[in-house]
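Dear colleague,

I am passing on a structure that you have not worked with before, and below it you will find what I found in it. Please keep the structure open while you read.

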Amino acid sequence: MTLRQPHILFPILVLLASSPGAAEQADAKPEPSAQKRALWRKKTALEIEYRLVRADPEAYYLVIDLPAGEVVLKAGGRLLRTCPVRTWGLAPHTRRKTLLCHMANRIDPVTPEPGNHGLRLRGRRLPLDFIGRLIEGPREASRLYFSPPLLIQPVDSPTSPNLDHLELRRRDIKALGSALQPGDAAILIPPLETQSGAPR
């Protein structure tokens, strides 16, 4: 077939255009690929991070990058610490888009000590261990609770299957607990559709 024989092509094009479903296929928009969705989520995360840094260049914040399997502590765009994610569990609705969360509370495995007025250990928390006698603050068994509900906890800690969570090394939990305070932000980049929360 040559370009000098267009009359042969014309009937074929007419048949294709008149075939059932041709109009629907032409009007239907293709679903974005998983790679495009991943790039869009990264772009959204960068835009959120840019706004956070402009608002307060010295504030600490987290970037929870589940496709990369890491949690990054940053301030003013500077990378301060990278923590590998061991396992995670997210509800399907949480996996749809990039989320901005804020730390609500740090949950320490201690209880306020009863009022022992005038005693040497007044104001300390129980249980007291060697490290606890030197410093007060987060422990390796502390948990970081964010809103919308997201729990960052040490590896092998029990959790509810209905609660979005991720697990980090215990030393990372202690470091992040020392840096963050209620109100600090966390940007959650959800995983790819093919990724699971299996240990890394």
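In this predicted model, nine strands form an open sheet with mixed pairing, and their order across the sheet is β3-β2-β1-β11-β5-β8-β9-β10-β4. The edges are taken by β3 (78–84) and β4 (87–89), each of which pairs on one side only. If direction is ignored, neighbouring strands of the sheet are turned against each other by 25° on average.

Within the sheet, β5 and β8 run antiparallel and are joined by five bridges, and H102 is found opposite S147 of β8. That serine also leads into a feature of the backbone, since the peptide bond from S147 to P148 is cis, with omega near 0°; P148 itself belongs to the loop between β8 and β9.

Two helices can be described by the strands they meet. Helix α3, residues 34–55, packs on the sheet and touches β1, β2, β5 and β11, while its direction makes about 170° with that of β11. Helix α5 lies across β1, β2, β3, β5, β8, β9 and β10, and runs at about 145° to β3.

Turning to the interior, nonpolar side chains in soluble globular proteins tend to be buried together. Here the largest nonpolar core has 22 residues, and those with the most contacts inside it are L62, I64, V71, F146, I152, L166 and L168. At least two residues of this core come from each of β1 (60–65), β2 (70–75), β5 (99–107), β8 (143–147), β9 (150–154), β10 (165–168), α5 (170–179) and β11 (185–189). A second core, separate from this one, has eight residues, including A45, Y61, A185 and I187.

For a closer view of one member of the largest core, you could select L168. When its neighbours within four places in sequence are left aside, L168 is in contact with V71, C83, P84, V85, R86, I152, Q153, P154, V155, I173 and L176.

One further residue deserves a look, and it is found in the loop between β9 and β10, where D156 lies. The phi angle of D156 is near 70°, which is a positive value in a residue other than glycine. Is D156 buried or exposed? Its relative accessibility is 68%, and because exposed means over 50%, D156 counts as exposed.

With best regards

Note on methods: Residues numbered from 1 in each chain as written. Predicted model: local features only at pLDDT ≥ 70, side-chain atom pairs only at ≥ 80, totals over all residues. Heavy atoms only, no water. Core = buried A, V, L, I, M, F, W, Y, C linked by side-chain atoms within 4.5 Å. Buried < 20%, exposed > 50% of the residue type's maximum accessible area, 1.4 Å probe, protein only. Helix = DSSP H or I, 4+ residues; strand = E, 2+ residues; numbered from the N terminus. Contact = heavy atoms within 4.5 Å. Pairing = 2+ DSSP bridges. Axes fitted to C-alpha atoms, helices over the stretch in contact; angles between N-to-C directions.
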